[in-house]
Amino acid sequence: IKDQGLTSIADADDLQTLNDIRVKLLGKKGPITSALRGIRDLAVEERPVVGGYANEIRDVLTEKIEQQKQYLEDLALQAKLNSETIDVTLPGTPVRQGQPHVIQQIIDQVVDLFIGMGYQVLTGPEVEEDKYNFEMMNLPKDHPARDMQDTFYLSDDILMRTQTSPMQARTLETHDFDAGPLKMISPGIVYRRDTDDPTHSHQFHQIEGLVIDKHITMADLKGTLATMIEQIFGSKFDFRLRPSYFPFTEPSVEVDVTCFNCMGKGCDICKHTGWIEVLGAGMVHPNVLRMANVDPDVYGGFAFGIGPDRFAMLKYGVDDIRDFYLDDVRFLSQFNRKG
Ligand code: PHE
């Protein structure tokens, strides 16, 4: 029994077989158990001999079974480890990487630049009060210049903001001038009741800028714009200030940059002027300061409103603003920041 048992244990090549062998050899119906059970039928002097022998065999077999079990378990673990090895040299499954929207990329560039110049970045509500969007921007209720910006009204006093300029009023109202000058930039979405076409969208972006301190001049405005335009478009592009009108700035200017298409020579896109308008700006109107409780005899400064959609169109030669809003990945993935 012993030798046979040891051989069959050594031959067991999986845990299930080993367990079957254990039951057969050492179980209730096995030879050892029945030998021990038969002891009471033996003569008294034979009992310890047979009992001792049976116990010895049982111990030997039990130990051998334990060893074999350990061995089989190690083997199974090793096999599992081998089969689960990761081959790090295999090529991986490519993961499609997204990127910020092209207009967001332009906004990020402009905002980063102004952060570097010490401006704070503020955002404001798109659902705005008439008071901030128009009245405090020197556009009283029946001012004709309200027609310059066709407006989505939600009620008599609430509207979808037509410009980010209400952030001028909101910031002026709360800024503590004893703590230092006001330099802020405010990117966001604005809305106009325009019919969408290649150059109009009922929803687009603006970045408002406002600087108010004691001795700010138009030269500061020009220098600031020069820095920004060079940063975004590169030094190949020139710019000019052209006299214009906004109710909240005086004097007001529109800023043109070299036409991206003809580089100043004149083409259909720039109506043969060689220039394309990219932003509005000017020196903040005293009424705007007064309405926000800032003394125009002490403080003054400049404001500007950038159109990032326009910037993106010019920079990349996109001729239909609607392309930015159709979310066609084939179009948008062209503008990969990394190259
Ligand atoms: N808010 C003006 C517009 O939307 C742009 C502007 C901003 C002009 C600030 C002057 C100063 O057309």
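1. Contact range. In this predicted model, residues 24 or more positions apart supply 66% of the chain's contacts with a separation of 6 or more. Burial covers 40% of the 339 residues.

2. Overall form. The chain holds 11 helices and 9 strands. Its radius of gyration is 42 Å, well over the 20 Å that the globule rule gives for 339 residues, so the chain is more spread out than a compact globule. The C-alpha trace spans about 130 × 45 × 40 Å along its principal axes.

3. Surface and charge. About 19,300 Å² of the chain is exposed, and carbon and sulfur atoms supply 52% of that area. Negative side chains number 52 and positive ones 35. The centres of the two sets are 6 Å apart.

4. Annotated domain. An unreviewed UniProt entry assigns residues 103–314 to "domain: Aminoacyl-transfer RNA synthetases class-II family profile". In the model, this stretch is 26% helix and 30% strand. Its end C-alpha atoms lie 12 Å apart.

5. Ile 103, where the annotated domain begins. Ile 103 sits in helix H5, which runs over residues 102–116. Its relative accessibility is 1%; the cut-off for buried is under 20%, so Ile 103 counts as buried. Leaving aside residues up to four places away in sequence, Ile 103 touches His 205, Pro 308, Asp 309, Ala 312, Phe 324 and Tyr 325. Ile 103 and Asp 327 are 224 residues apart in sequence, yet 12 Å apart in space, C-alpha to C-alpha.

6. Glu 250, the annotated site. UniProt, again in an unreviewed entry, lists Glu 250 under "binding site". Glu 250 belongs to strand S7, residues 249–258. At 48% relative accessibility, Glu 250 counts as partly exposed, because the exposed class needs over 50%. Beyond residues up to four places away in sequence, Glu 250 touches Met 283 and His 285. Of these two partners, Met 283 falls within strand S8 (275–284).

7. A cis bond at the annotated residue. The peptide bond between Glu 250 and Pro 251 is cis, with omega of about -5°. Pro 251, like Glu 250, is placed in strand S7. Most peptide bonds are trans. I would look at this bond when reading the model around the listed position.

8. Positive phi at Asn 138. Most residues other than glycine have a negative phi. Asn 138 is not a glycine, but its phi is positive, about 70°. Asn 138 lies in the loop between helix H6 (130–133) and strand S3 (158–160). The relative accessibility of Asn 138 is 14%, so this loop residue counts as buried.

9. Positive phi at Met 263. Met 263, also a residue other than glycine, has a positive phi near 50°. Met 263 is in the loop between S7 and strand S8 (275–284). With a relative accessible area of 35%, Met 263 is partly exposed. Strand S7, on one side of this loop, is the strand that holds Glu 250 and Pro 251.

10. What to look at in the model. For backbone geometry, there is the cis bond between Glu 250 and Pro 251, plus positive phi at Asn 138 and at Met 263. Which of the two positive-phi residues is buried, and which is partly exposed? Asn 138 is buried, whereas Met 263 is partly exposed. For the annotations, both the domain range and the Glu 250 listing come from an unreviewed UniProt entry.

Notes:
Residues numbered from 1 in each chain as written. Predicted model: local features only at pLDDT ≥ 70, side-chain atom pairs only at ≥ 80, totals over all residues. Heavy atoms only, no water. Helix = DSSP H or I, 4+ residues; strand = E, 2+ residues; numbered from the N terminus. Rg over C-alpha atoms; globule rule 2.2 N^0.38 Å. Buried < 20%, exposed > 50% of the residue type's maximum accessible area, 1.4 Å probe, protein only. Contact = heavy atoms within 4.5 Å. Areas by Shrake-Rupley, 256 points an atom, 1.4 Å probe, with all protein chains shown as cover. Lys, Arg positive; Asp, Glu negative; His and termini not counted. Charge placed at Lys NZ, Arg CZ, Asp CG, Glu CD. UniProt positions renumbered as here; feature names shortened; annotations may be inferred.
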